[in-house]
Each structure stands twice: as structure tokens, then as C-alpha cells.
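The following exercises concern the structure shown below. Each task is followed by a worked solution.

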Amino acid sequence: MPLTPTDEIVRRARAAGTGVGAFNVLQLEHAQAIVAGAENADRPVVLQISENTVRYHGALEPVALASLAVARAAKTPVAVHLDHAENPDLVREAVALGLGSVMFDASKLPYAENVAATREVVEHCHSHGVWVEAELGEVGGKGGAHTPGVRTDPDEARAFVDATGVDALAVAVGSAHQMVTRDAVLDFDLIARLRAAVDVPLVLHGSSGVSDPHLTAAIAAGMTKVNVSTHLNKAFTEAVRAHLAEHPTTVDPRTYLTPARAAVAREVSHLLAVLSP
């Protein structure tokens, strides 16, 4: 199946009132597991590569090309997306490599600088047919500018979208990055007000900390794209630990990466069902 643009996947979900699962790729096994889970659920999916993962691998190209190859071989629509890029040069590289969408995160900057930097990225990406997500009202959980308790103001969100021309907006509504418990409390009224304020899809970051019922409620309130990373990493690592505890003499990584990959695929299938009730 040819690579599917992110905007097509998100647009169809928004029109249907369902959610899109966007899952982070840390290594090849993650990409394979995410696609396997999507195929099992018969749902489209977005593979995301974060700037942190690029830093881990030392370059974008190897992990991006591997993800693109896995996406093109999938039996269900799959898009490949650059997540949380703060470096405009990395965005340009992602565009050149063929990724169909990027998330440019200038939320650590003052509002006016965020607008200016984001608008410049949008102009470059749109000239190459690439969809752009941005962030306003820092999502908590990463320290520094990502301060828990911050919320996105609907009026500011409308002004930001109008000024930048972004295609989707990540908003702060109560979730936090890197949560290992699923007890985040979302502001559903704020989600509804943001949905009414802007005419682009809303994106929920930090969704690993959100329970299944709250994910479903967030979609009903107006969210469309739902980002998940830590929850899958937790499933992956637990499967590795369990295998090594049972087989302490194991030295072949394939023997413990196989159950880890299967665990992630199961979680992806489950979450895609939650997002498309």
C-alpha cells in the first residue's frame, strides 16, 4: 500500500468523529509492532519519530527510512511523522526525506517568537506539500517551559492558528508527557471550547497518562490525533523483563525483542479500538 498522508488520515477521522492513534517509533521493532497492531485492528495509524529519538540514533535518516519502508509495506494506511522537532533544520531534513508531516514545537519561545518561527516552518513545509502540527500552551511533563498546570487559551489558539497557518494544533488540557500511570485529569470543557475556537484538528500529547474512558471522552469532546509513547515503552520493557526473568541465560536479543514487539502490537490494537468506538 502506498504511503498515506497524515492529513488524509486525520481529515477522515475528524469527519467521522473518531480519533487517530499516533505512536512513537524508537527503533525498528516499534515501527513493526505499531503497524502490526494497526493491521490487526484494521485501522490507519501514524508512526512518529521524535527529535529525542533522532538524537538517540545520531541521525534522522536511518530511522526515518526504516519507518517509511515499514509504512509502505503495510496492509493498512500508515503515515510517517516527525514529532516534537524544535530545530527547523531537522524539519527541512524530514521534508527532504519524504515524511508527510511534522510537528514543530516552538512552545518554549515567547508567544510572538513562537508565531514567527512556526509561520516560517509552515511556509517551507506547505511549499513541499507537508502537513504541519504545532503546539500552544506547553504540555506538561518535560520540565522547563513544559510546566504542569498550563492550559491553552481558546482565543489565543484561534489567533495562533490564523497567524501561522498550521494544519493541526497540540493543546494543553491536563495531560503530561512521560506518565507511567494513567490517571491524568483532562479538562473536557476546555477541549470542547478549543474545538469550537479553531478550524483545525486538535492533538492530545501525553496520552499515555490518560485512561481508556477519558481517551474516548476526549475524542467525543473534540480531540482527533492522540499521541502515545510511554505507554508502549512500558509494555515493551515489561515484556523484555518477563522474558529475561524466565530465561536468565538468554544472550540473543531476538528472543526477548520478539515478545516485546508482540506486546506493543497488542496495545496498539487495543488503543485504536478505544479511539474509534
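**Exercise 1.** Determine the accessible surface of the chain and the share of it that belongs to carbon and sulfur atoms.

*Solution.* In this predicted model, the accessible surface comes to about 11,400 Å². Carbon and sulfur atoms account for 54% of that area. As for burial, 53% of the 277 residues are buried.

**Exercise 2.** Assess whether the radius of gyration of the chain agrees with that of a compact globule.

*Solution.* Begin with the expectation: for 277 residues, a compact globule would have a radius of gyration near 19 Å. The chain has 18 Å, and therefore agrees with this value. Next, consider the extent along the principal axes, where the C-alpha atoms fill a box of roughly 60 × 40 × 35 Å. Finally, turn to the contacts between residues at least 6 apart in sequence: 71% of them join residues at least 24 apart.

**Exercise 3.** Describe the surroundings of valine 203 and classify the residue as buried or exposed.

*Solution.* First, locate the residue: valine 203 is found in strand S7 (residues 202-204). Second, apply the cut-off, under 20% relative accessible area for a buried residue. Valine 203 has 1% relative accessibility and so counts as buried. Third, list its contacts beyond four places in sequence, which include Glu133, Ala168, Met223 and Lys225. Alanine 170 is also touched; the C-alpha atoms of valine 203 and alanine 170 lie 4.3 Å apart, although 33 residues separate the two in sequence.

**Exercise 4.** Characterise the lining of the second largest pocket.

*Solution.* The second largest pocket has a volume of about 190 Å³. Of its 16 lining residues, Ile9, Arg12, Ala13, Arg43 and Pro44 are the closest to the centre. Helix H1 (6-16) and strand S1 (20-24) each give two or more residues to this lining, and H1 supplies the largest share, five residues. By type, the lining divides into seven nonpolar, six polar and three charged residues.

Technical notes: Residues are numbered from 1 along each chain as its sequence is written. This is a predicted model: local features need pLDDT of at least 70, side-chain atom pairs count only at pLDDT 80 or more; totals for chains, interfaces and linings use all residues. Side-chain values use heavy atoms; hydrogens and water are left out. On a 1 Å grid over the protein atoms alone, a cavity is a set of points where a 1.4 Å probe fits but cannot get out, and a pocket is an open set with protein on both sides within 12 Å along at least five of seven lines; lining residues have an atom within 4 Å of a point. Grid points are joined across faces, edges and corners, and a volume is the space filled by probe spheres set on the points. Helices (H or I, at least four residues) and strands (E, at least two) are DSSP runs, numbered from the N terminus. Ala, Val, Leu, Ile, Met, Phe, Trp, Tyr, Cys and Pro count as nonpolar, Asp, Glu, Lys and Arg as charged, and the others, Gly among them, as polar. Buried means under 20% relative accessible area, exposed over 50%, partly exposed in between (1.4 Å probe, protein chains only). Contact means heavy atoms within 4.5 Å. The radius of gyration is taken over C-alpha atoms; the globule rule is 2.2 Å times the number of residues to the power 0.38. Accessible areas come from the Shrake-Rupley method with a 1.4 Å probe; for residues, only the protein chains shown count as cover.
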